[in-house]
Amino acid sequence: MVTQATPSAAVNERISDLLDSLGAGLKNAISWPGRVALYLGGIALVGLMGLMVADVALRNLFAIVVPGGMELTGLLTVLVVLSTLSVVEIERNHVQVDLVLRALPEYARGPTVSGGLLLAFLTILITALQILAQTSYLRSNGIVTGVLGLPEWPFVAAAAAFVFLFALALLANLATELGAVARAADMRSLVILLIWGIVVAGIVYLSFHPDALPFPLSRSARGLMSIGLCFLLIFLGVHVAAAMAVTALVGISMLISPAASLTSLGTTTIDVVSDQTWSVVPLFTWMGLIVVASGFAAELYRSAYRWIGHLPGGLASASTVACAGLSSIVGDTLSGVYSMGSIALPEMRAYRYDMKLATASVACAATIGVMIPPSLAFIVYGMVTEVSIGKLFMAGILPGILFTVILIALITVRAALNPELAPRGEKSSWGERLKSSTGTWPILLLMLLVLGGIYSGAVTPNEAAGLGVFGALTISFLTRRLALARLWDSIASTLRLTAAIIVIFMFAAAFSRFIALSGLTQQLAELVIGLDLGKYQIIAAILVFYVVIGMFMNALPALVLTVPIFFPIAMSAGFDPVWFGVLVVIMVELGVVTPPIGVNVFAIAAIARDVPMYDIFMGVLPFWIAYVILIVLIVLFPQISLWLPSLM
Amino acid sequence: SAAADGIELKMQFASPDGTSWNDMDRRFAAQIEAVTGGRAEVQFFPPNSVTPFKDWLQATGAGLLDLGFVWHPILPGKFPQMELFSLPGLSKNQTIASVVYWRLRDEYPEMGNLFSEQDNVVELATFVAMGSHLHTQKPVRTLGDLKGKVFGAQDSAGVKVLEELRASASVMVGSDAYLALQRGAIDGVLSAWGWVNNFKLNEVTTYHTLLNLNPGTYSSVMNKDTYDRLTPEEQKHLADITPLYFFYNTTDSAAAATADIPPENIFTLSAEDQAELATKMRPQWDEWVTKADAMGLPGQEILDEAVRLMTLYDRN
Ligand code: NA
Ligand code: NA
């Protein structure tokens with residue numbers, strides 16, 4: 001039978017079929033390299049754990065170290081962190097902010113997603129080529145690792161391959177998305193698509209020909225323009241990582257030159273993923289997933305539910321305490337988010353908690369870990385300001401505990417006012433409570449192993465993470481709670497989660513290099529100084545500044561960039577250097593839960609995939625009160641932070 | 001004309017503000033601004049904000065920075081000839097070792113082939129840094145005290161030495177070393193005094209054993225395109241002032257670090273221990289000769305000449 005379709009509809013049909021099969025073909029083509037990468041990453045993850053355990057065992061039993069243990073850790077981290085980038089993209093699980101996207105009408109959404117994918121594809125492709133250039137630099141200069149003398153280039157070549165696969169996955173999704181747009185054949189969609197095409201072409205062209213800018217612009221205007229671009233792209237739903245990457249690329253290119261920009265992109269990305277300190281993220285994630293897969297986490301929560309489930313928000317409060325405990329083992333907040341997120345969220349979901357409350361309480365509770373030592377943020381502050389790191393560590397303890405109490409109080413009040421947020425359970429008998437507690441020994445044992453190891457000084461956080469995984473595996477196998485298939489699932493999930501978050505850090509580092517070069521933080525500070533304010537107005541102004549910078553920067557880069565500027569101001573205003581350090585660290589931690597770029601929220605979103613990013617940020621909003629209360633208390637009663645250090 | 005153009009020189013600090021390294025950088029910058037009659041203006045960036053140590057050379061070549069600090073040990077394999085100066089026991093004094101290096105460059109030009117066309121930098125000056133000492137929580141008076149202890153070291157050469165002495169060690173950056181010491185994960189750190197100042201290791205260590213091991217080497221470099229924008233006269237001035245940069249570096253660090261340490265907490269090895277140390281380190285000297293031979297350099301000859309010059313200058 002002859003179709004009644006118009007010729008143009010037939011053409012549309014053919015174009016969309018073509019795009020569909022291109023997308024499907026690409027997905028097919030990268031599916032086996034993707035699987036190979038996944039296995040490689042899995043082997044590297046197991047190797048990472050083995051290396052940590054071997055190092056601890058050999059050192060404590062025979063006083064010897066695995067030669068080159070640290071550099072091997074760094075090299076394995078490259079494989080662990082990047083191997084699943086393409087798999088995560090095919091599954092459409094890279095971090096995006098869907099705020100505006102969700103509000104767009106149907107005809108605008110498809111082309112906007114397509115435009116974002118096109119930009120991401122080109123950016124990631126350029127990154128892959130730059131990492132390849134870095135491979136040849138390392139190879140031709142004969143650069144090896146320090147202790148073992150291993151050539152570094154094969155690992156960097158693997159990184160280039162993984163990032164290239166990521167680019168192909170983006171291209172596959174782009175083809176599929178374009179196919180859908182073509183099939184709909186809506187004129188408005190095509191116009192939006194055309195605009196995106198022109199804009200993307202313009203951005204990429206400007207990255208390589210910054211002189212093509214048709215009008216002269218000052219350095220700070222170029223900086224502001226690039227930051228504006230970054231915000232806009234993120235809000236339009238472009239991959240957060242890609243938005244920061246393209247901003248760094250075009251930004252540094254306009255400030256200095258394309259060659260400088262490309263070199264920065266290639267070196268920075270590799271530096272981040274080969275940094276052995278990152279190994280705590282996959283390892284603690286894996287430990288958490290094993291504990292979940294074995295059902296131990298469920299038992300802990302069943303028990304917590306028996307004990308305090310009848311109180312308003314009892315499980316969220318229990319999560320807060322647990323999260324504080326675990327995050328205080330490590331120096332950063334992310335590992336806490338991952339391990340507690342993967343344990344606590346499924347349970348709170350099972351007990352019908354409001355997911356906004358559930359996700360936000362974990363995201364905020366994890367920031368306690370940076371106040372309680374050890375804390376990378378205090379180390380950075382101490383380095384920059386010459387303030388005693390030991391005193392800073394002491395100063396963070398009481399604010400950390402206080403914040404835990406404030407969070408729990410806030411959860412309880414909110415749950416009491418609105419019982420639907422956290423359904424109250426029935427009160428259990430003492431017999432039931434005690435009986436349920438017997439199932440919690442594996443987790444308590446792991447906590448003891450990890451916490452005890454670190455505080456006794458026997459192991460570093462990295463090693464504690466490795467031991468934690470080893471301990472979780474051992475207990476699970478001995479109690480026959482973990483089948484091999486589930487074990488592999490836990491490895492694959494760990495790799496996926498790690499890739500989705502560390503790719504953001506990779507480009508956040510490139511982005512913060514651009515911010516540094518733009519000199520914008522400097523200018524903002526000069527603005528504050530120029531206002532000629534009184535003592536408490538200065539602190540207020542600085543705090544407001546940190547709220548703004550916390551919107552788009554990570555905690556550590558923000559510290560490195562801003563403390564050298566504000567510290568002298570605060571000192572000349574007569575503030576205590578330790579006290580000021582505590583305030584600043586709390587403020588940059590507020591930034592990790594503040595939109596649009598809040599890494600803790602991104603991490604939670606990667607775990608709770610069905611909860612929209614928007615909802616999590618909205619869930620965090622009430623917890624802002626907790627930060628405000630904490631800050632106000634510390635400003636009014638400096639002794640909260642200064643009492644413990646004064647005993648030293 | 002070119003001479004009338006202003007030049008912006010981007011430079012990054014190596015350590016936080018307030019440390020002697022940064023004062024040294026500021027003095028150097030002021031001198032550059034002076035010799036160019038104010039045409040050049042130096043802009044400083046905080047440590048690690050534009051590039052980490054590892055990529056400083058690439059960052060300078062690419063123009064992210066105009067003046068760069070290249071710490072050779074952080075790029076193992078890139079400067080094999082410079083590993084000569086990291087040989088344990090070879091040099092006793094930073095100034096003498098640097099002068100010996102410059103003499104060796106006159107005699108063996110290959111010793112000065114540090115940067116390639118691709119690196120796109122102009123070498124301003126190259127120096128030997130200070131040697132490493134042991135900074136510990138419990139006293140280490142003899143080599144025997146090292147056995148079975150765990151250390152952090154500032155570079156891989158230090159790890160090799162400590163393993164040779166039956167201690168275990170791994171490379172650590174300063175901030176990690178602080179944490180590890182505080183938690184008792186390591187017994188001490190093998191590093192130069194500069195680290196003690198800049199990473200506050202004096203807060204977490206009490207005793208200091210003077211070993212003067214494995215000094216690293218470093219170069220000050222300038223982006224080649226930026227250098228070409230200087231007039232021949234400015235280029236000559238730059239060459240004249242750069243050794244001063246080094247001079248400041250030698251004097252401040254050790255004095256600042258040791259000022260507050262009671263003398264009874266600083267140990268020197270006995271003559272026997274020093275001899276044993278030298279014997280144990282000998283194989284590393286031979287390894288360097290083999291490596292230099294493989295590069296087509298007269299390895300043994302250069303090493304012998306280095307020893308001769310060190311002794312000669314040390315006597316004067
Ligand atoms: Na902590
Ligand atoms: Na933020």
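Which residue lies over the face of A:Phe623, and at what distance from the ring centre? That is A:Arg414, at 5.4 Å. Some notes from going through the model, which is a predicted one:

1. **Charges over rings.** Besides A:Arg414 over A:Phe623, chain A has A:Arg139 sitting over the face of A:Trp153. Here the distance to the ring centre is 4.6 Å.

2. **Aromatic pairs, chain A.** A pair of rings is described by how far apart the centres are and by the angle of the planes. Over all chains, the count comes to 21 aromatic pairs. Take A:Tyr39 and A:Trp488: the centres are 5.4 Å apart and the planes stand at 40 degrees, so this pair is tilted. It links distant parts of the chain, with A:Tyr39 in helix α1 (residues 7–62) of chain A and A:Trp488 in helix α22 (residues 484–518) of chain A, 449 residues apart. As for cover, A:Tyr39 is partly exposed at 43% relative accessibility, and A:Trp488 is partly exposed at 30%.

3. **Aromatic pairs, chain B.** B:Phe13 and B:Phe44 make a stacked pair, because their planes are at 5 degrees, with the ring centres 4.3 Å apart. B:Phe13 comes from the loop between β1 (7–12) and α1 (20–35) of chain B, and B:Phe44 from strand β2 (residues 40–45) of chain B, so the pair ties together parts 31 residues apart in sequence. B:Phe13 is buried, at 6% relative accessible area, whereas B:Phe44 is partly exposed at 22%. With the cut-off for buried being under 20%, B:Phe44 falls outside that class.

4. **An aromatic cluster.** Also in chain B, one cluster takes in B:Phe53, B:Trp56, B:Phe69, B:Trp71, B:Trp102, B:Phe127 and B:Tyr218. Worth colouring these when you have the model open.

5. **The A/B interface in numbers.** The size of an interface is often given as the accessible area lost when the parts come together. For chain B and chain A the buried area is about 4000 Å², and carbon and sulfur atoms give 59% of that. In terms of contacts, 51 residues of chain B touch 51 residues of chain A.

6. **Polar links across the interface.** Two salt bridges are counted between chain B and chain A. One of them joins the side chains of A:Arg219 and B:Glu8, at 2.9 Å from N to O. Eight residue pairs are in polar contact across this interface, both partners being at pLDDT 80 or more.

7. **What chain B brings to the interface.** Which elements of chain B each supply at least two residues of the side that touches chain A? They are β1, β2, α2 (56–62), α4 (156–164), β7 (168–171), α5 (174–183) and α6 (193–198). The largest share, six residues, comes from α5(B).

8. **A:Asn141.** This residue is found in the loop between α5 (106–140) and α6 (153–184) of chain A. It counts as buried, at 13% relative accessibility. Its side chain makes a polar contact with the side chain of B:Lys78, at 2.6 Å. Leaving out residues up to four places away in sequence, A:Asn141 touches B:Gly77, B:Lys78 and B:Gln118.

9. **B:Leu104.** Buried or exposed? B:Leu104 is buried, with a relative accessible area of 0%, and its place is in helix α3 (residues 94–107) of chain B. Not counting neighbours within four places in sequence, its contacts include B:Leu84, B:Phe85, B:Met111 and B:Ile302. B:Leu303 is 199 residues from B:Leu104 in sequence, yet the two are 9.8 Å apart in space, C-alpha to C-alpha.

10. **Helix α17 of chain A.** This helix (residues 376–385) is mostly covered, with nine of its 10 residues buried. Among them are A:Phe378, A:Tyr381 and A:Met383. Just after α17(A), A:Glu386 takes a positive phi of about 70 degrees.

11. **Other backbone angles to check.** Most residues other than glycine have a negative phi. A:Ala185 is not a glycine, but has a positive phi of about 50 degrees. It lies in the loop between α6 and α7 (187–208) of chain A and is partly exposed, at 39% relative accessibility. B:Asn212 likewise has a positive phi of about 50 degrees, and this residue is in strand β9 (residues 207–213) of chain B.

Conventions:
Residues numbered from 1 in each chain as written. Chains lettered and ligands numbered in written order. Heavy atoms only, no water. Phe/Tyr/Trp six-rings, centres within 6.5 Å; stacked < 30°, edge-to-face > 60°. Helix = DSSP H or I, 4+ residues; strand = E, 2+ residues; numbered from the N terminus. Buried < 20%, exposed > 50% of the residue type's maximum accessible area, 1.4 Å probe, protein only. Lys NZ or Arg CZ within 6 Å of the ring centre and 35° of its normal. Contact = heavy atoms within 4.5 Å. Buried area = accessible area lost by both parts, 1.4 Å probe. Salt bridge = Lys/Arg side-chain N within 4 Å of Asp/Glu carboxyl O. Polar contact = N/O pair within 3.5 Å; in protein donor to acceptor, adjacent residues only side chain to side chain.
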